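Please examine the structure shown below together with its sequence. The report that follows treats one loop residue, then the domains, and lastly a sheet.

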Amino acid sequence: MSESFRQGVVVKPYERLNTEQLELLHGASLRILEDPGIWCYNKRAADLFKQHGAEVWEETAHEAAFWRIRIPASMVEEAIVSSPSRIVLGARNPDNRLVLDAELPRVYFGSGSEANIWLETEMEEFASTRDKERRIKAPRHTEVRGTTAHLARAAKLCDRLEHLDFFIRPVNIQDVGINVDNHDANKFFASLNNITKHVQAGLTDLDKLNDVIRMAEIVAGGRDALRENPVISFIACLFKSPLQLVDDTADKVFAIVEAGLPLVISSSPQGGSSAPIQEAGMVAQINAEILAGVTMTQLIKKGAPVIYGSVAVRARLDDLHDLYGCPEFNHYNVDSVQLARKYRIPCYSSAGVGDAKVPGMQALFEKMLTHTYMAMTGAQYIHYAFGLLDRTNTFSPLQAVLDNEQIGKIKHSARQAKVDASTIDDVLKMEKQVMGTSHRLFTRHARKALHAGDVSDPYRFETKGLEDRILEQAVSFMETLESDPAPHLDKDTVEKIFTEVPGILPQLKQSA
Amino acid sequence: MEENVLLEKIADNVIQGRVEAGDEGVEEGLEGQPAVTELVTEAVEKGLDPKTIVLKGLTTPMEDVGKKFEKGDYLIPDMLAAAECVGAAMDILSPHLLKSGVESKGKFIIATVAGDVHDIGKNIVAIMLKGAGYEVIDIGNDVPTDRIVKAVKDHQAPFLGLSALLTTTMRTMGDVIKKLEEEGIRDKVKVLIGGAPTSGDFASQIKADAHCRDAFQAIDALKNVA
C-alpha cells in the first residue's frame with residue numbers, strides 16, 4: 001500500500017479556551033462521569049465498566065432494568081492515553097486515503113448525514129409582468145424522498161467534488177424494497193460502487209455487520225487488506241443526551257471494535273434541552289459523553305481506533321428545533337476540538353448546517369459562519385459540510401456543489417502562512433528586480449505562485465453583470481460533473497459482492 | 001547550437017515568460033538557464049536573420065500564448081511575462097531589423113494624464129504593445145498636457161495612449177486632444193484612451209479615436225485605427 005493520502009489543509013488552530021479553561025472543562029467532564037455518572041441501558045456495557053472497576057448498580061424505571069455507572073477519572077485518563085492518536089481511513093483509490101493525526105491540525109471536509117429529503121433543482125425562465133421581453137432564470141425546487149438511486153448519484157457527484165475528502169451518506173434510502181434487513185447492504189453498496197473516497201456510515205442492523213464487512217473486504221482485496229486500507233468506517237451515537245448509554249448502539253460498538261475497524265463515538269446534545277445552553281455546561285457534558293464512549297472502546301480493546309465525535313448543537317428557543325448556523329454552535333464545537341487535541345484523539349466535528357430550506361443567501365450565511373470557524377479549529381474530520389439544508393433534513397446536490405466551492409476557498413484561507421527564510425530571499429530578490437524596471441509591476445512574478453496553486457481562483461460562479469446568476473451557473477456546473485461516468489467497481493468485484501452479500505437491490509448492479 | 005534549436009529555445013522561453021537567465025518559468029527548475037535575452041543575443045551574434053528570429057522565435061510563440069490565454073490555461077501574468085520577453089528581444093533586434101529595412105509597427109506615446117499618478121493599467125498596456133511590435137515610448141504618470149503634446153510632436157508618433165483612473169483627471173484627456181487640435185497635429189495621431197472611469201461614450205465625447213477596456217482591446221483598436 002502506498003503512503004499517498006489526501007492533503008486536506010493543515011491550519012494553525014484557532015482556540016477559544018485558555019489552559020485554565022481547558023482544564024476546568026476537562027475536570028468538569030470527569031466529575032460528571034463520577035457524579036451523577038451515566039445511565040446505561042446495556043448490560044454487557046455495564047458489566048464491562050464494572051469489571052474494570054467502575055461503581056455500577058442496577059435500577060429500574062418503567063419496569064425495565066438499567067445500570068447507573070460512576071466512571072472513575074483514572075479509568076477515563078487511561079483510555080485517553082491508550083486511544084491511538086493517528087488513524088488512517090482507507091479508500092478505493094489510495095490517493096484518497098485520509099490520515100487523521102491528532103498531533104497535526106490537518107482538516108478534511110466531508111458530507112453527512114442521512115437526510116430523508118432529496119432536493120432536485122432545475123432552472124426555469126420567468127418573464128417580467130411589465131415587460132414580457134425581460135426574462136430571468138430562477139430555480140424551481142422539488143422535494144422527493146431519498147432512494148438508493150439518489151444515494152448512488154450523491155456518491156458519484158461527491159467523487160467529483162474536489163474539496164470533499166470523505167463520504168458519509170447524505171441521504172437516507174427509502175425505496176420500495178428497502179427494509180431493516182437490507183438497509184445496510186444497500187447503503188454501503190450504493191456508496192462504495194460510486195465513489196473512490198472513504199465511506200463512513202452508521203450501522204442500521206447489528207446482524208448485518210458481517211455482511212457489510214465482507215463487502216468491504218471484497219472491495220479492499222481481503223480481510224487483511226481491509227484492516228490496512230479500511231475503505232469503510234462507522235459512526236456510533238452511543239449516548240442519548242443527557243448521559244444515557246443506548247442499548248443497541250452499545251452492542252454495535254462492541255461488534256465494530258471487535259472487528260477492528262475505525263469508529264467515531266459521536267454525541268449530539270442540544271444546548272437548551274438535552275444539555276445546558278451555556279457554553280461551559282454544553283461542552284462539559286458532551287465531552288463527558290464522548291469520553292465515556294471512548295473509554296468503553298478502550299475497555300473492549302486497548303488501542304482500538306476511535307475518533308472523538310462532537311456534534312454539539314443549540315436549540316432554537318422559539319420551537320426547540322436544532323439551530324446550527326449560529327455563534328453558539330461555533331463556541332461549543334471549537335471548544336470540543338480543543339479538548340480532543342488535548343487528549344490527542346482525532347476529532348470528528350461538524351460544519352455547514354443551517355435552517356435554510358433552499359440554496360441561497362441564508363444558506364450561504366449559515367454555512368459560511370460554521371464552515372469558516374470550524375476549518376480554523378484544526379478538527380481533523382468535519383462532516384455535515386456538503387449539501388445539507390433545512391438543518392439535516394434535506395440534501396441538495398446543487399447545494400453540495402456550492403459548498404464545494406465555498407469550502408475550497410475556506411481551505412485556501414486557512415492554509416498556514418508561507419513565510420520562511422527562503423521566501424524572504426525570494427521577496428528581496430523580486431523587489432530589487434521589479435524596481436529596476438520602468439513599469440514596476442509584480443504581475444509577471446505572480447506566475448510561480450499561480451502555477452503552484454498558491455493563488456486562488458475567483459469565485460467559480462461569479463456573475464459579471466447586474467443579474468445574480470450564481471445558481472444557474474452552479475446548476476450548469478453540476479450537470480457537467482454529473483455527465484462523467486460513475487467510478488464503478490469492476491465487474492468481477494460487483495459479481496462477488498452480489499454473490500456473497502444478500503439483499504442488494506438488482507438495479508444497483510452496475511460495474512465498470 | 002543549431003539555428004532551429006536556438007529558435008525553438010527562444011520560442012520556449014517566450015512561452016515560459018523568461019526574460020533573463022535568472023528568471024523563473026512556468027515550469028520548475030529553469031532559473032540559471034539562458035533565457036530570451038541571452039538566446040536572442042546569441043542568435044544575433046551567430047548571424048541569424050532577425051526577421052526569422054522575430055517570426056519563429058517571437059511571433060509564433062506569442063500567438064500560442066494568446067491561444068492559451070483564450071482557453072484560460074494562461075492568465076494575465078503569463079501574457080505579460082511573454083510580452084516582456086518579446087519586448088526585451090525587440091530591444092536587441094530593432095537596430096538589426098532597421099538595417100534589414102524592417103520597421104516597427106509605429107511609435108506609441110503612452111502617459112497617465114496630469115494630476116493622476118495611477119499607472120498600473122498604463123504599464124500593462126505598454127508591455128503588451130511592445131510585445132505586439134510597437135515602439136512604445138512611456139513618458140510616465142502625472143504628465144502635463146504640454147509635455148504629452150510635445151512628445152507626440154518630437155517623436156512624430158502616429159499613436160498616443162492616455163490613461164486616467166480618476167473621474168477628476170479623465171477630463172484632462174479632452175484637454176490633451178484639444179491641445180493636439182490647437183497645435184494642428186490632431187489628424188496625424190490616433191488617440192486611444194483607457195482607465196476605469198472611461199467609456200466608449202466618453203471617448204466619443206472628447207473626440208478620442210478609440211476607448212480600450214484593457215490591453216487586449218488596445219491591440220485590437222490599433223489594428224482598426226491604423
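A:Ala102 is located in the loop that links β6 (98-101) and β7 (106-109) of chain A; helices (H or I, at least four residues) and strands (E, at least two) are DSSP runs, numbered from the N terminus. A:Ala102 is buried because 22 other C-beta atoms lie within 10 Å (buried: 20 or more other C-beta atoms within 10 Å of its own; exposed: 12 or fewer; partly exposed: in between; C-beta atoms are placed from the backbone). Leaving aside residues up to four places away in sequence, A:Ala102 touches A:Ser85, A:Ala340, A:Arg341, A:Arg344, A:Ile345 and A:Pro346, a contact being two residues whose C-beta atoms, placed from the backbone, lie within 7 Å. From A:Ala102 to A:Pro84 the C-alpha to C-alpha distance is 8.7 Å, with their positions 18 residues apart in sequence.

The model is a predicted one, in which local features need pLDDT of at least 70 and side-chain atom pairs count only at pLDDT 80 or more, while totals for chains, interfaces and linings use all residues. Residues are numbered from 1 along each chain as its sequence is written, and chains are lettered from A and ligands numbered from 1 in the order in which they are written.

Domain bounds come from an automatic or database domain assignment, and the table lists them with the distance between C-alpha centres.

| Chain | Domain 1 | Domain 2 | Distance between C-alpha centres |
|---|---|---|---|
| Chain A | residues 1-418 + 454-512 | residues 421-451 | 43 Å |
| Chain B | residues 3-99 | residues 107-225 | 27 Å |

In chain B, 8 residues of domain 1 are in contact with 5 residues of domain 2. Helix α4 (residues 76-99) of chain B supplies 7 residues, the largest share of the side of domain 1 that touches domain 2. By class, that side of domain 1 of chain B has 6 nonpolar, 1 polar and 1 charged residues (nonpolar: Ala, Val, Leu, Ile, Met, Phe, Trp, Tyr, Cys and Pro; charged: Asp, Glu, Lys and Arg; polar: the others, Gly among them).

Chain B also contains an open sheet of 5 strands in the order β2-β1-β3-β4-β5, with parallel pairing; two strands pair if DSSP finds at least two bridges between them. Its edge strands, β2 (135-138) and β5 (210-212) of chain B, each pair on one side only. From one strand to the next the twist averages 25°, where axes are lines fitted to C-alpha atoms, for helices over the stretch in contact, and angles run from 0 to 180 degrees between N-to-C directions. Helix α5 (residues 120-131) of chain B packs on the sheet and touches β1 (107-112), β2, β3 and β4 of chain B. The direction of α5 makes about 170° with that of β1(B). Strands β3 (residues 159-163) and β4 (residues 190-194) of chain B run parallel and are joined by 5 bridges. B:Phe159 has B:Lys190 in β4(B) as its bridge partner.
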